[in-house]
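I opened my notebook for a first walk through this structure. Come along and keep the view beside you as you read.

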Amino acid sequence: MTAETKTAPAKAETPCTCSKYADATTGETTGCTKTTRRDFAPGHDAKLKGFLIRAGAAGHLVALAGAPDEPVQASEAASRFGFARHVASGISRAQAKQEQATADADTVRAKVGRWERTGHVEGDTFTYTDRSGAARTTTKFTLL
Ligand SMILES: [Zn+2]
């Protein structure tokens, strides 16, 4: 046995895995500058998870540092990690929230005939739910 094989050399510190990803649209990264002997600096798996959810929810692709020309879906980037399912569900939750916020923002009150209704305007059409719960559309309305 030679001196070299007697003791395994300490594994060199490498950049934290969370620093290796960038939002392909904004170029944003986690801003991490840590090095570690493991894959992640302590707590940085959560940091990367949050980063991938934000990018995915924004509809942005994510690129691995060193392969900026091959961006992938954030959920795909997460697929090699244990938290892949959390990223996928985090993205769908964030997207559902955004859709709800958009829907809420579009809600308007309008007068249809003599009734005030709440609904959505698209072009010159007002879509609302009448008193019986039926969806109606009309082009004869006055925004309130
Ligand atoms: Zn990190």
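**Notes from a first look**

I began with the overall layout and found that 41 Å separate the centres of domain 1 and domain 2, taken over C-alpha atoms. I should say right away that I am looking at a predicted model. For the bounds I went to the domain assignment, which gives domain 1 as 11-104 and domain 2 as 106-143.

**Entry: the zinc ion**

Which residues hold the zinc ion as protein donors? I looked them up and found Cys 16, Cys 18 and Cys 32, each through SG, together with His 44 through ND1. These donors lie 2.0 to 2.3 Å from the zinc ion.

What is the geometry of the site? I checked the angles among the 4 donor atoms, and they run from 100 to 115°. The site of the zinc ion is tetrahedral, because four donors count as tetrahedral if all angles lie between 85 and 135 degrees.

I also wrote down the spacing of the donor residues in sequence, which reads C-x1-C-x13-C-x11-H.

**Entry: around Cys 16**

I then looked at where Cys 16 sits, and found it in the loop between strand S1 (14-15) and strand S2 (21-23). Is Cys 16 buried or exposed? Its relative accessibility is 0%, so Cys 16 counts as buried. I looked up Cys 18 as well; this residue has 0% relative accessibility and therefore counts as buried.

Next I followed the chain to see what comes back towards Cys 16. Arg 38 is 22 residues apart from Cys 16 along the chain, and their C-alpha atoms are separated by 7.8 Å. For Thr 33 and Cys 16, 17 residues apart along the chain, I noted a C-alpha separation of 7.4 Å.

Thr 33 itself has its place in the loop between S2 and strand S3 (35-36). Thr 33 has a relative accessible area of 75%, so I marked it as exposed.

Pro 15 was my next stop, and it lies in strand S1. With a relative accessible area of 45%, Pro 15 is partly exposed. I paired Pro 15 with Ala 41: they are 26 residues apart in sequence, and 8.6 Å apart in space from C-alpha to C-alpha.

**Entry: helices H2 and H4**

How do helix H2 and helix H4 pack? I found helix H2 at residues 44-57 and helix H4 at residues 84-106, with their axes 8 Å apart and an angle of about 45°. That angle makes H2 oblique to H4. I added that the crossing of H2 and H4 is right-handed.

**Entry: Ala 103**

Last, I picked Ala 103, which lies in helix H4. Ala 103 has 30% relative accessibility and so counts as partly exposed. Its partner in my notes is His 120: the two are 17 residues apart along the chain, with 8.4 Å between their C-alpha atoms.

Key:
Residues are numbered from 1 along each chain as its sequence is written. This is a predicted model: local features need pLDDT of at least 70, side-chain atom pairs count only at pLDDT 80 or more; totals for chains, interfaces and linings use all residues. Side-chain values use heavy atoms; hydrogens and water are left out. Donors are N, O and S atoms within 2.8 Å of the metal (3.2 Å for Na, K and Ca); water is not among the atoms, so sites may look incomplete. Four donors count as tetrahedral if all angles lie between 85 and 135 degrees; four count as square planar and six as octahedral if opposite donors are over 155 degrees apart and all others between 65 and 115; anything else is irregular. Buried means under 20% relative accessible area, exposed over 50%, partly exposed in between (1.4 Å probe, protein chains only). Domain bounds come from an automatic or database domain assignment. Axes are lines fitted to C-alpha atoms, for helices over the stretch in contact, and angles run from 0 to 180 degrees between N-to-C directions. Helices (H or I, at least four residues) and strands (E, at least two) are DSSP runs, numbered from the N terminus. Angles under 35 degrees count as roughly parallel, over 145 as roughly antiparallel, 65 to 115 as roughly perpendicular and the rest as oblique. A crossing is left-handed if the near helix is turned anticlockwise from the far one by less than a right angle, and right-handed if clockwise.
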